[in-house]
Amino acid sequence: ARVNVLAKDSVGERLHRAVLEELLDVACADTGIDIRERSPNVIDKLIRNSQSRGVESDHKASIEIDFIRKKPTEFEIYFGNPIKIAEQTGVDVPVLKVVYSLLSMVDRANRSAL
């Protein structure tokens, strides 16, 4: 979804926050660094940063641009790799797994519609 859609929609914002929380859990487990301790409001800062880039400009994420052009998207990098690291480090990432599965399905269907 476009950044401005996530910013304006309470469900989208909750999903965005849940994804970022799980990514942060994976990063902390993988690096051994408690990022939340170093920056207690890191998730809020990331969301505000995303919102400030896209609310007024109707900013398109690179995944959306690739999707429109029917090119492979980078969802594997954003979701697949963290899921692999989560499995290696024992971090539970149910939201990432669902988002990854949905994006994978949509990406395959989009590219097969060429």
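The paragraphs below lead from the overall fold of this predicted model to its helix packing, its cores and one buried charged residue.

Reading the chain from the N terminus on, one meets the elements in the order α-α-α-α-α-α-α, which amounts to seven helices and zero strands. The chain has 114 residues, and 28% of them count as buried. Its accessible surface comes to about 7300 Å², and carbon and sulfur atoms account for 56% of that area. When one takes the contacts with a separation of 6 or more in the chain, 60% of them are between residues 24 or more positions apart.

A good place to look at such packing is the pair formed by helix α2, residues 10-31, and helix α7, residues 94-112, whose axes come within 8 Å and cross at roughly 115 degrees. The crossing of these two helices is left-handed. On the side of α2 the contact is made by Leu15, Ala18, Val19, Glu22 and Leu23, while α7 contributes Pro94, Val95, Leu96 and Val99. By type, the residues of this contact divide into eight nonpolar, no polar and one charged.

Several of these names return in the interior, where the largest nonpolar core has ten residues, among them Val19, Leu96 and Val99. The other members of this core are Val26, Phe75, Phe79, Ile83, Ala86, Val91 and Val93. Three elements, α2, α6 (75-89) and α7, give two or more residues each to the core, and the largest share, four residues, comes from α6. Phe79 can serve as a guide here: leaving aside its neighbours within four places in sequence, Phe79 is in contact with Val19, Leu96, Val99, Tyr100 and Leu103. There is also a second, separate core of six residues, which includes Leu20, Leu24, Cys28 and Ile43.

The last stop is Asp107, whose place is in helix α7. Is this charged residue buried or exposed? Residues count as buried when their relative accessible area is under 20%, and Asp107 has a relative accessible area of 4%, so Asp107 is buried. Not counting residues up to four places away in sequence, Asp107 touches Lys71, Pro72, Thr73 and Phe75. Of these, Phe75 has already appeared as a member of the largest nonpolar core, so that a reader who follows the contacts of Asp107 is led back to a residue met before.

How values were computed:
Residues are numbered from 1 along each chain as its sequence is written. This is a predicted model: local features need pLDDT of at least 70, side-chain atom pairs count only at pLDDT 80 or more; totals for chains, interfaces and linings use all residues. Side-chain values use heavy atoms; hydrogens and water are left out. Buried means under 20% relative accessible area, exposed over 50%, partly exposed in between (1.4 Å probe, protein chains only). Contact means heavy atoms within 4.5 Å. Accessible areas come from the Shrake-Rupley method with a 1.4 Å probe; for residues, only the protein chains shown count as cover. Axes are lines fitted to C-alpha atoms, for helices over the stretch in contact, and angles run from 0 to 180 degrees between N-to-C directions. A crossing is left-handed if the near helix is turned anticlockwise from the far one by less than a right angle, and right-handed if clockwise. Ala, Val, Leu, Ile, Met, Phe, Trp, Tyr, Cys and Pro count as nonpolar, Asp, Glu, Lys and Arg as charged, and the others, Gly among them, as polar. A nonpolar core is a set of buried Ala, Val, Leu, Ile, Met, Phe, Trp, Tyr and Cys residues joined through side-chain atoms within 4.5 Å.
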